[in-house]
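This briefing goes through a protein chain by topic: salt bridges, domains and their contact, and one sheet with the helices beside it.

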Amino acid sequence: MTSSVLARWAHGLTVADLSENVRHAVARHLLDGVGNAVAAQRLGYGRAAWTVADALGGPAEARPLTGTRAISAPAAGMATAVLVHALDFDDTHAGALVHATAVSVPAALAVGQQVRATGADVLTAAAIGLETACRLGAASPHGFHGRGLHATAVVGPFAAALVAGKLTGLPVPVLVHALGVAGSSSGGLLEFLDTDADTKALHPGSATLGGILAARLAAAGASGPASVLEGRRGVYASMSERPADLTVLTDGLGTEWEATRIGIKPYPSCQLMHVTLDAVTAALSVGSVDPAQVVDIEVHVHPDSVPIVCGPNAGVAAPRSTYDGKFDLPWSVAALVHDGRIDVATYTGASIARDSVLATARTVRVVEAPTEGPAASASGHAIVTLDDGRVFEGRVAGSRGTAAFPLDDQQLLAKFIANCGDHPCAPELADRIFGLADEPDLTAVLDLAARIAPAPLH
């Protein structure tokens, strides 16, 4: 069974098995995840999950990221995961279309504290989680989304279960049971896309919680089906709209790392609109354009992206919430035309209420443009027409931040520093995370994060 292969690989992996390239990639995603969580805490996002986690309390096993009070590891993992994902600024694997860090790093940080793991052990566990999440999603590209499910929430419990099981030293047979139990926690409805809800931000929290609990349940003697992945009622048969290629889960496991191909977002919005934003930026690179002159913006969008970022409300009415704006491609394109950028400030209550931006959003026309490969790695094409007859065209081969066009370390560091509000402790925190393999434990990282973005509850 595939779950047995994954369990044996995770159980046997050590930090010495990670090449320098893999270690660096994992550290980059740790840095990005911590930065996104700090930004969310600073700006007041993820409060509901934090409040619930703090109220759950429990034994003093782990602090949520940015917190100072230790609570149970499952609760801490849940709170951290929601913070990492709350701004929709966290990384995406294009082929899998999953946010791998949001369901891997929070589990590694929480359970790592619980067992007093070294930085090297946490790095290794995070690598396992990242790789697992990416491969599970890539086995059926856009299959879970096609069924109306958030892929991150489907694969997340498995990734978190392996992370928790690795750090707590579960033997292979128990890890297999943990994966079997974790499968019943998979889910995550995309119904939020048709409303003003932000339930998507909660999905990594539920997945992390479910995965950590699955490992604990298996350790306590609960059994789970070894056929949880390939069975006739397993995850792919039940939750994917498209056939799954299970060889993707195991071929090259341990030697070829999907974790090195995870993209890091330059924009705090759905990954599937990024290439369009880049194409519009390219079109307008010739100089400044008065938004009032825009009469038509034609954008070519992959068919798999259209239901996610071009819903019935998109380009018709103002976003129904700040989170809705992150999935409204026409409005986001219009905001880019008006502001010359897309950043955290783009998606605030005052920003999404601008009538002038909505007027420009109504000029955006979406043309479906099928291409080879998954939607998140598609090319982009935009044509902007002004009322004086001038036409500006932009084409990009892919979006910035993806594996094909990655942000370098300096660009990632700039994003991290900005997420930390330019706090003077941010450079030290970045250094600690990049050097996590040499840290004796997580204390310094957690202390610095809490200093930069103190939690509302202690």
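## Salt bridges, domains and a four-stranded sheet

The structure holds 21 salt bridges. The model is predicted. An automatic or database assignment divides the protein chain into domain 1, made of 2-265 + 408-452, and domain 2, made of 271-396. An open sheet of four strands is described further below.

**Salt bridges**

- Lys-265 pairs with Asp-88 in a salt bridge whose closest N and O atoms are 2.6 Å apart.
- This pair links distant parts of the chain, as the two residues are 177 residues apart.
- Lys-265 sits in the loop between β2 (262-263) and α13, while Asp-88 sits in the loop between α4 (73-85) and β1 (92-93).
- A salt bridge also joins the side chains of Arg-242 and Asp-304, at 2.9 Å from N to O.

**Domains and their contact**

- The C-alpha centres of domain 1 and domain 2 are 30 Å apart.
- Domain 1 gives 25 residues to the contact, and domain 2 gives 18 residues.
- About 1700 Å² of area is buried between domain 1 and domain 2, and carbon and sulfur atoms give 64% of this area.
- One salt bridge is counted between domain 1 and domain 2.

**UniProt features**

- An unreviewed UniProt entry places the feature "domain: MmgE/PrpD N-terminal" at residues 6-242.
- Residues 6-242 are 60% helix and 1% strand, and the end C-alpha atoms of this span lie 22 Å apart.
- The unreviewed entry in UniProt also places "domain: MmgE/PrpD C-terminal" at residues 267-423.
- For residues 267-423, helix accounts for 32% and strand for 17%, with the end C-alpha atoms 21 Å apart.

**The open sheet**

- The four strands of the open sheet follow the order β4-β3-β5-β6, and their pairing is mixed.
- β4 (364-368) and β6 (391-396) are the edge strands; each has a single partner strand, so one side of each has no neighbour in the sheet.
- On average, neighbouring strands of this sheet are turned by 15 degrees against each other, with direction ignored.
- Strand β5 (residues 380-386) and β6 run antiparallel and are joined by six bridges.
- Ile-383 has Glu-393 in β6 as its bridge partner.

**Helices on the sheet**

- Helix α13 (residues 274-283) packs on the sheet and touches β3 (294-301), β5 and β6.
- The direction of α13 makes about 135 degrees with that of β6.
- Helix α16 (residues 329-339) lies across β3 and β4, and runs at about 125 degrees to β3.

Methods:
Residues are numbered from 1 along each chain as its sequence is written. This is a predicted model: local features need pLDDT of at least 70, side-chain atom pairs count only at pLDDT 80 or more; totals for chains, interfaces and linings use all residues. Side-chain values use heavy atoms; hydrogens and water are left out. UniProt positions are given in the numbering used here, feature names are shortened, and annotations may be inferred rather than shown by experiment. Two strands pair if DSSP finds at least two bridges between them. Axes are lines fitted to C-alpha atoms, for helices over the stretch in contact, and angles run from 0 to 180 degrees between N-to-C directions. Contact means heavy atoms within 4.5 Å. Buried area is the accessible area (1.4 Å probe) that two parts lose on being put together, summed over both.
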